[in-house]
Amino acid sequence: MHDETFESSCQVAADLVGNVERVIVGKHDAVVRAVKALLARGHILVEDVPGVGKTVLAKAIATSIQADFKRVQFTADLLPSDVTGVSIYDQHENIFRFRPGPLFAHVLLGDEINRATPRTQSSLLEAMEEEQATVDGVAHPLQRPFFVIATQNPIELEGTYPLPFAQMDRFIIRLRLGYLSAGEEALMAKSRLHGSPLSALTPVIDCAELIATQDAVCGVRISDDLIDYVVRLVQATRVEDGIEYGASPRGTLDLVRYSQATALLDGRSYVLPDDIKESATAVLSHRLVIRRGTRRATLNSDDVLHELIERTEVPL
Ligand SMILES: Nc1ncnc2c1ncn2[C@@H]1O[C@H](COP(=O)(O)OP(=O)(O)OP(=O)(O)O)[C@@H](O)[C@H]1O
Ligand SMILES: [Mg+2]
């Protein structure tokens, strides 16, 4: 790739982080991870309590890339067609017309996805994978870019359908925003005295430029040795003592792409082993099921992964 084009892609990535941080206070790592996921063409699962900035994060990203934004509140009575859209009969013209649902946005915030039935959840999750939605037998391509931020509230789980393990794999990362420190929370409150900074936020790029930046991520070089390293890490999760189920081949692909995004955000056109090390926990931890009834039961998947990464030989 031409150097100048690559440099401008790196600049775009850094500007996106900076722009979102005009609105989100004190969550640098989470914002960086969200931007990497966006650049890697992935989707994010945010597991967090209410009021920690999930909606603001999604809106800030949408504004930053001049994308159209939709939000769906998942509830028990939400139907798949409420997500995908419906075909409506046009009496005058004697044909069915497709009325697209919120799925046909660039940035879609799926709030409390665990409150809807598995069938409705699938209408979103399948579209994420296939980049299209089939309604009444007709396939409709989604918009590009297409970026989903789905949320699950880890409390009040009664009567909900927490995403099954198999569906976690559809998300490139799981993100937690979490509470702010006292100092940061005060800073946030002060920035809010004269209205929300979100309303003053302006775009950094448009959707076409985002796609170009995503393409630049795909062009970040990764050597065969480093691909082998990714594969060894992922395969190690499948034979690890303390892990019941390890990561899938989709996990491998996501780890490669996310590591490329990590390199780009660091201004490099090639992946280093550290990009992979740093990305592995973010990309793999939500895809593991920890085996109960062993010493490992007290460890969480991040701990198990850290150990595994330390033990896995790094290519020179
Ligand atoms: N880290 C943060 N930086 C800036 N603003 C924040 C942060 N955390 C929370 N807020 C502010 O708190 C308010 C609530 O945030 P938001 O609506 O995004 O929460 P949420 O996580 O979507 O909550 P819910 O689960 O109820 O939908 C907003 O005004 C938001 O700006
Ligand atoms: Mg919200």
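The chain splits into domain 1 (3–211) and domain 2 (221–311), with bounds that come from an automatic or database domain assignment. This is a predicted model, where local features need pLDDT of at least 70, side-chain atom pairs count only at pLDDT 80 or more, and totals for chains, interfaces and linings use all residues. Residues are numbered from 1 along each chain as its sequence is written, while chains are lettered from A and ligands numbered from 1 in the order in which they are written.

**How the two domains meet**

- Taken over C-alpha atoms, the centres of domain 1 and domain 2 are 24 Å apart.
- The contact takes 19 residues from domain 1 and 19 from domain 2; two residues are in contact if their C-beta atoms, placed from the backbone, lie within 7 Å.
- On the side of domain 1 that touches domain 2, α1 (3–20), α2 (28–39), α6 (165–168) and β9 (173–175) each chip in at least two residues. Helices (H or I, at least four residues) and strands (E, at least two) are DSSP runs, numbered from the N terminus.
- The largest share of that side, five residues, comes from α1.

**A helix pair: α9 and α11**

- The axes of α9 (residues 224–239) and α11 (residues 273–284) come within 11 Å and cross at roughly 30°. Axes are lines fitted to C-alpha atoms, for helices over the stretch in contact, and angles run from 0 to 180 degrees between N-to-C directions.
- That crossing makes α9 roughly parallel to α11, a label for angles under 35 degrees (over 145 is roughly antiparallel, 65 to 115 roughly perpendicular, and the rest oblique).
- Leu226, Tyr229, Val230, Leu233 and Thr237 in α9 meet Pro273, Ile276, Ala280 and Leu284 in α11.
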